[in-house]
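Open the model in your viewer and keep the sequence panel visible. The tour goes from one sheet to the next and then to the contact between domains.

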Amino acid sequence: MIIGVPKEIHPGETRTAFIPASIERLVKKGAEISVESGLGSTIGISDEEYTKVGAKICDRSTILSSSDIVLRLRKPPQEEIAQLKKGAIHVSFLDPFNESSLIEEFAKNQISAISMEMIPRSTIAQKMDALSSQANLAGYVTVILAAERINKILPMMMTPSGTIAPAHVFIIGVGVAGLQAIATAKRLGARVEAFDTRPVVEEQVQSLGAKFIKIDLGETGQTKDGYAKALTPEQIKIQQDGMAKVCAKADIVITTAQLFGRKAPVIVTHDMIAQMKPGSVIVDMAVESGGNVEGSKVNEEVDVNGVKILGLGNLPGHVAAPASQMYSSNLTNFIESFWDAEAKTFNLKLEDDIIKGCLITHNGEVVNETIKNLAQKG
Ligand code: NAD
């Protein structure tokens, strides 16, 4: 069974999908692995390091047309799908809620497309959960970037020249990224407050030494997979009023609020920004999925009366080495979980809950229930 890994070609992508340590693991299990020349160049890994552990260096078109399994990080360019071997398995992030024509193309070309964002958030699948591995690092990066952009320091300092008060950091949205942002800001000595619409996170916030901001929104809750449900317009208004006071005091506001498969909610409005102190910084981690902050722009720093709004995309790409290592490990854990040791092949177990969750197309059809329902609703 040939596993092929083409180089990431999305402009500005610094991460790589597969590192030599993963090749070593799969070669030991009997896989043949081909990688495109330069696969690890963005994080300083040479072709020799890949060949040393048993990979073959091939050109891109050979990898696409001869691999039984193709592994990548980002969704493929649509024109590369027809180049894949009929019946091949393709594993990557796919953005399946928004990429209907890409999905049709996979089905049309008889490719079994696996979407990394659809791996179930279950305990058993945690080691394959690339949304979490990348969000965790993104949360860390938000704090580091904000710390660099404010004109203050995060910790309290008591010096002979005077005492400097700690910075106030307010984190909105406490999923995987938000929790890491809290932990990072705490490590740097900031005073941290946080809010989420899911009341279950209060305890997690407190266990990290931060203060949970309580805003009574009435019924909120979460889906069976632990994702937040969308708020009503009335609830959004109550939330914004409650947040305004906390934002006005904050030196750094970090927003990480997402609604799985839907546009992110707008949480920090122009009015709230107008009440913030000049010199403070907002990091909108949801900028690529619609934005939590009014006026934030993808890959730009916007200045509104002295308040800086950072809307940087691909935050895990700022720490590309651990991000690649973790993503590569997620892919390897996924492959190993379904590897048939005797036959030395990947066993696409259609009845397995993990495969049912993340397999989008198979045998020329869209097979994923969530995506099928979405298509039917139009
Ligand atoms: P996410 O990226 O979908 O959203 C980030 C956070 O934003 C969530 O906590 C969400 O509740 C919050 N949010 C949404 N709307 C908001 C609003 N209007 N105001 C404030 N906050 C808002 O979340 P995620 O990090 O992908 O995590 C989703 C869930 O999956 C969580 O319950 C998490 O604990 C769970 N999870 C479970 C596992 C596992 O068991 N293997 C792994 C990872 C995550």
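Two strands count as paired if DSSP finds at least two bridges between them. Helices (H or I, at least four residues) and strands (E, at least two) are DSSP runs numbered from the N terminus. This is a predicted model, in which local features need pLDDT of at least 70 and side-chain atom pairs count only at pLDDT 80 or more, while totals for chains, interfaces and linings use all residues. Residues are numbered from 1 along each chain as its sequence is written, and side-chain values use heavy atoms, with hydrogens and water left out.

Start with residues 191–195, strand β10. Two bridges pair β10 with β11 in the parallel sense. Select Ala194 and look across: Phe212 in β11 stands opposite. Now show the whole sheet, which is open, has seven strands and mixed pairing, and follows the order β11-β10-β9-β12-β13-β15-β14. Its edges are β11 (211–212) and β14 (301–304); each has a single partner strand, so one side of each lacks a neighbour in the sheet. Next select helix α8, residues 233–249, which packs on this sheet and touches β9 (168–172), β10 and β12 (252–255). Contact here means heavy atoms within 4.5 Å. The direction of α8 makes about 155 degrees with that of β9; axes are lines fitted to C-alpha atoms, for helices over the stretch in contact, and angles run from 0 to 180 degrees between N-to-C directions.

Move to the other sheet, an open one of eight strands with mixed pairing, in the order β3-β2-β1-β4-β5-β6-β18-β19. The edge strands, β3 (56–58) and β19 (365–366), each pair on one side only. Select β18, residues 359–362: two bridges join β18 to β19, and the two run antiparallel. Thr361 stands opposite Val366 in β19. Helix α4 (residues 100–108) packs on the sheet, touching β5 (89–92), β6 (112–115), β18 and β19, with its direction at about 45 degrees to that of β18.

Finally, colour by domain. An automatic or database assignment sets the bounds: domain 1 is 2–128 + 321–377 and domain 2 is 136–313. Their centres, taken over C-alpha atoms, are 33 Å apart. Seven residues from domain 1 and seven residues from domain 2 make the contact. Which residues of domain 1 lose the most area to domain 2? Select Phe97, Arg121 and Met326, together 70% of what that side buries.

Methods
Buried area is the accessible area (1.4 Å probe) that two parts lose on being put together, summed over both.
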